[in-house]
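Welcome to a short tour of this protein. Have the structure open as you read, and turn it as each part comes up.

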Amino acid sequence: MRYLREGYALKLDLLGDRQRTHYCGELRESHQGQKVFLAGWVARRRDLGSLIFLDLRDHTGVTQIVCNLEASPEAHAKAEQVRPEYVAGIEGEVVPRNPATVNAQLPTGKIEVRAHTLLLLNESKTPPFPVEDEGKTQEETRLRYRYVDLRRRRMQNNLRLRHRAGMAVREHMSQHGFVEVETPFLTRSTPEGARDYLVPSRVHHGHFYALPQSPQLFKQILMIGGFDRYFQIVRCFRDEDLRADRQPEFTQIDIEMAFPQRSLLFEIIEGLMEKLFGLVGADVLRPFPILPYEKAMELYGSDKPHTGFGLEWKRVSLPEMSKGKIGVLEPLKALCVPGWASASRSQIDRLQETAQAAGVDWFSVVKVTDADVQSPLAKSLGSEAVRLLAQAAGARANDLVVFVGIKPGPEPPVAARQLDEASGEIRLELARKLDLIKPAGWNFLWVVDFPMFEFDSKEKRFSAMHHPFTSPREEDLGILGSDPGHVKARAYDLVLNGSEIGGGSIRTHRRDIQQQVFEVLGMTPETARERFGFFLDALDYGTPPHGGIALGYDRIIALMAGESNIREVIAFPKTASAVDVMCNAPSTVEKEQLQELGIDLLPES
């Protein structure tokens, strides 16, 4: 049957009761002589007069279709009307290609389908970009026409990898006794950390739900409820500024277990990573290294370091003969760059610019040769002091040593943190210049023993470094109230190739300790009651020790797929400005809707 679309000359066919016998990428020489029915999109059309060739594509691949004027005039006539991205169905016979036209680049390249019947199932406007274009189209155009973009091989592979990963997560967690439980999307606002997305209630005027930033409290309540081991592949929401690895809505693998030992949780998560990365043929070495936070900051200047290359910082002090001569706080940080004594003046100048932009007050270098050491520091410190500094940094012949420091002014902890963070940026810049960051290799790392609190000098108060439900180390409970700046948390992050892919902790399961933590964070009992009263009440009813982790599902899939931006592994992401350009969201709503919710919009300030 056919129907004629109003205003169009093209006659479209109906699928009727036909079913595909094969997908386009499945046909091989072994199918020769078989009658098949394929369906998909026309990727390409080549008109040679009496012969018209169509490349028919679906998610599995491409098969060449040949429409012969003599053998099937009707199919040939329809093929003349076909354009790229038309939807077509083909009935025909699998035949071998002419040896001269075999395409060794395609799995189906040795055969073609000789069309007996060609169904035109739908037409298409000219696409805004070629589906075969894998990287030249602007991202906003791709997102505006996401329904076309999703047909691209790259997107098909990424989202199908995401599906396989989800299946592997559920299988692994189930094997270890975890139960998948859905937690609410409409909950109460707990303004601690990132901003909440608020949802006004129609039936309770002036009251709002919040979309969850994570299921944190609910998964802890599941432990109180006796579920023992919980997991969920869950959507979360944060109203924050976006980066390549951030979205306003994102997915995490959420995990919690009762009566945990950190070592057991690490073993379960490492096994999960082994299975996930095995999907892309990666060899994951276990157990993962464990590095304390303070050591990570000292060596790498980052709490999520890429450990796939060297370049480790050292803290060094000036020789006694040189104390006070350069006006910087001690210790300095030194980085030995093997074999880079040949660095040019312009290369060193650019590195100094990077250091200063990162927050370093003082920068200098030492070049070590077979004969001596060369450095601008020799004028102020003397050659012997420079030689001792290079020796302290572990330099050998032909090495360059980079030294950085902070001038007096900030409080010592602030200065140390500033110096460490700046040194991390310098290290990564050097790694990029020296091409040390290789795509091959999977460098997993556990970072542990984070500070429990950070002091906000502007707000003049402590904030939780992870979140307020993290437990202090048992040996630090005695100083929780008197010296919170030195309390370490039972927190841990999972890092891969310089990206934090998971964060978790052993939780506070006692109400008295939880209230102490709230007090350190500057919450009055009334404020804590207002925000978390239901949870504090739950802690009174036999809460077991418990802990868990949240793994960034989007980031993990992006790393597995070799993508630098998580938007490439999400079907319908937002832009960097948190806009869905396909749906044009967020959008205005009718005035009546706002009135029903009791909302009045203020003029933009």
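The second largest pocket of this predicted model has a volume of about 1000 Å³. Its lining is made up of 30 residues, and Pro412, Pro413, Val414, Ala416 and Arg417 are the ones that lie nearest the centre of the pocket. Three elements give two or more residues to this lining: α7 (293-300), α11 (412-433) and β20 (453-456). Which of them gives the largest share? That is α11, with 9 residues. By residue type, the lining of the second largest pocket divides into 16 nonpolar, 4 polar and 10 charged residues. As general background, rolling a probe the size of a water molecule over the atoms shows where empty space is left.

**Salt bridges**

Next, look at the charged side chains. A search of the whole structure turns up 44 salt bridges. Three of these pairs are set out here, with the N to O distance for each.

| Pair | N to O distance |
|---|---|
| Asp149 and Arg142 | 2.9 Å |
| Lys219 and Asp254 | 3.0 Å |
| Arg387 and Glu384 | 2.5 Å |

Are the partners in these pairs buried or exposed? Start with Asp149 and Arg142, which meet in a salt bridge through their side chains. Asp149 has 0% relative accessibility and counts as buried, and Arg142 is buried too, with a relative accessible area of 7%.

In the pair formed by Lys219 and Asp254, Lys219 counts as buried at 1% relative accessibility, and Asp254 counts as buried at 0%. Lys219 belongs to helix α5 (residues 216-224) and Asp254 to strand β12 (residues 249-258), so this salt bridge ties together parts that are 35 residues apart in sequence.

The salt bridge between Arg387 and Glu384 sits within one helix. Both residues are in helix α10 (residues 383-392), and because they are 3 residues apart, about one helical turn separates them. In general, an α-helix has 3.6 residues a turn, so residues three or four places apart point the same way. Here Arg387 counts as partly exposed at 38% relative accessibility, and Glu384 counts as partly exposed at 39%. Elsewhere, salt bridges that share partners join Arg142, Arg146, Asp149, Arg152, Arg154, Glu563 and Glu568 into one network.

**On the surface and in the loops**

Phe185, Leu186 and Tyr209 make a nonpolar surface patch of about 270 Å². Leu186 is found in the loop between β8 (179-180) and β9 (197-200), and this residue is partly exposed, with a relative accessible area of 46%.

Another residue to find is Arg243, in the loop between β11 (229-237) and β12. At 47% relative accessibility, Arg243 counts as partly exposed. Which residue, 322 residues apart from Arg243 along the chain, has its C-alpha atom 8.7 Å from that of Arg243? The residue is Asn565.

**An enclosed helix**

Helix α14 (residues 553-561) is largely enclosed by the rest of the structure, because 8 of its 9 residues are buried. The buried residues of α14 are Tyr553, Asp554, Arg555, Ile556, Ile557, Ala558, Leu559 and Met560. Gly562 follows α14 and has a positive phi, near 75 degrees.

**Backbone details**

Most residues other than glycine have a negative phi, and most peptide bonds are trans. Some places in this model depart from that pattern.

The peptide bond from Glu330 to Pro331 is cis, with omega near 0 degrees. Pro331 lies in the loop between β14 (313-316) and β15 (332-337). The peptide bond from Ala585 to Pro586 is also cis, and here omega is near 5 degrees. Pro586 has its place in the loop between α14 and α15 (591-597).

Glu85 is not a glycine, yet it has a positive phi of about 75 degrees. You can find Glu85 in the loop between α1 (73-79) and β6 (87-96), where it is buried, with a relative accessible area of 4%. Asp449 likewise has a positive phi, near 60 degrees, in a residue other than glycine. Asp449 lies in the loop between β19 (444-448) and β20, and at 23% relative accessibility it counts as partly exposed.

Methods: Residues numbered from 1 in each chain as written. Predicted model: local features only at pLDDT ≥ 70, side-chain atom pairs only at ≥ 80, totals over all residues. Heavy atoms only, no water. Salt bridge = Lys/Arg side-chain N within 4 Å of Asp/Glu carboxyl O. Buried < 20%, exposed > 50% of the residue type's maximum accessible area, 1.4 Å probe, protein only. Helix = DSSP H or I, 4+ residues; strand = E, 2+ residues; numbered from the N terminus. 1 Å grid on protein atoms, 1.4 Å probe; cavity = no way out; pocket = protein on both sides within 12 Å on 5 of 7 lines; lining within 4 Å. Points joined across faces, edges and corners; volume = space filled by probe spheres on them. Nonpolar A, V, L, I, M, F, W, Y, C, P; charged D, E, K, R; others polar. Patch = residues over 30% accessible without salt bridge, like charges linked within 9 Å, V, L, I, M, F, W, Y side chains within 5 Å. Areas by Shrake-Rupley, 256 points an atom, 1.4 Å probe, with all protein chains shown as cover.
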